[in-house]
Amino acid sequence: MSYPDTINLPFNGEIIRTRFTQLKPDAAADTGPGYWVLLQGDALLLQDGDLYRGELPPSLSDDGRALQFGEWDGAPVRLLSLGKTEAVPDALVPVPWTELPDQLATIYGVAKQILYWERQSSHCSRCGSGDMTRIAPTWGKRCGGCGHEHYPHIHPCVIVLIKRGDEFLLARKPEWATGRYSLVAGFVDFGESLEECVAREVFEETGLKVTDVSYVGSQNWPFPSQLMAGFVARHESGEIRVDHDELEDAQWFTKERMPPALPPKRSIARWIIDNFALKDEG
């Protein structure tokens, strides 16, 4: 099977496939020493630039919080979330996820999604009961109060580059870094295909109608739990009419006239811009 190049983007499993094997909770019962994904806020605690390996330092009691979720380089790898003000050994250095190398950023992303699910599923959203037990052999949980079954929530989103001849549309949200422009994106709605979501989001946020919507690849985005489906589309009609509830600005750009800043290299937004807006045809 031939995959889009986006499979090699950070946060997609392919980038750590030679080092990481994910295991379901009921299958992850190795009690031997291994690696630790130690999360503290938006940082991963590293020792000598890599995951900490060995017995957990005595000052970091897991209190039953540690969760083995797979194997890293053939040894158990466990997740432990630390409080933002919790003291850590001097040998462990907190590195923000934005500064992590791609493989460590990806295992960080897997751990963050699992942690998000564990927190979201501590109580039943149907009846409020805290009696939640795992449904082997999955990450799902069953409520002991009402019997309802819950499974991890992965939220599908679309992200799209709109082209008009040599021009391409970029937009910005007010909360983004100064000068940064990116692609129109949004969550899939009820009863909607991905292509229909592209057309709706573009029209709602910019007043433009698009055609020739083509899928180009996807990226797992663990902030907290999205799956970004990337598209390229062609402008069909309309002039820009910005929805200021969603965007601060939207403009047509060219390779010769670019915004002050673009999304970071490891994002699918930047991958699409680089490959379908800035790369020479052919």
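**Sheets, burial and pockets**

Modeller: One open sheet has 3 strands in the order β8-β9-β10, with antiparallel pairing. Its edge strands are β8 (132-134) and β10 (149-150), since each pairs on one side only. This is a predicted model, in which local features need pLDDT of at least 70 and side-chain atom pairs count only at pLDDT 80 or more, while totals for chains, interfaces and linings use all residues. Residues are numbered from 1 along each chain as its sequence is written, and side-chain values use heavy atoms, with hydrogens and water left out.

Colleague: What makes β8 and β9 a pair?

Modeller: Two strands pair if DSSP finds at least two bridges between them. β8 and β9 have 3 bridges, in the antiparallel sense, so they meet that rule. One of the bridges joins Met132 to Cys143 in β9. The strands themselves are DSSP runs of E with at least two residues, helices are runs of H or I with at least four, and both are numbered from the N terminus.

Colleague: Why is Lys141 called buried?

Modeller: Buried means under 20% relative accessible area, exposed over 50%, and partly exposed in between, with a 1.4 Å probe and protein chains only. Lys141, in strand β9 (residues 141-143), has 7% relative accessibility, so it counts as buried.

Colleague: What does the side chain of Lys141 make a polar contact with?

Modeller: Its partner is the side chain of Ser121, at 2.9 Å. A polar contact is a pair of N or O atoms within 3.5 Å; within protein, one must be able to donate a hydrogen and the other to accept it, and residues adjacent in sequence count only if both atoms are side-chain atoms. Contact in the general sense means heavy atoms within 4.5 Å. Beyond its neighbours within four places in sequence, Lys141 has such contacts with residues including Trp117, Glu118, Met132 and His148.

Colleague: How do you know that strand β6 is largely enclosed?

Modeller: 8 of the 8 residues of β6 (residues 75-82) are buried, so the rest of the structure largely encloses this strand. Strand β2 (residues 34-40) runs parallel to β6 and is joined to it by 6 bridges. Strand β5 (residues 67-72) pairs with β6 in the antiparallel sense over 5 bridges. Val77 is the bridge partner of Tyr35 and also of Gly70. β5 and β6 form a hairpin with 2 residues between them, where Asp73 has a positive phi of about 50°.

Colleague: Why is α3 called mostly covered?

Modeller: In α3, 8 of the 11 residues are buried, among them Trp271 and Asp274. The buried residues pack against β11, β12 (167-172), β14 and β15.

Colleague: What makes a space a pocket, rather than a cavity?

Modeller: On a 1 Å grid over the protein atoms alone, a cavity is a set of points where a 1.4 Å probe fits but cannot get out; a pocket is an open set with protein on both sides within 12 Å along at least five of seven lines, and lining residues have an atom within 4 Å of a point. The largest pocket holds about 710 Å³, and of its 29 lining residues, Ile159, Trp176, Ala185, Trp221 and Met228 lie nearest its centre. β13 gives the most to that lining, 4 residues.

Technical notes: Grid points are joined across faces, edges and corners, and a volume is the space filled by probe spheres set on the points.
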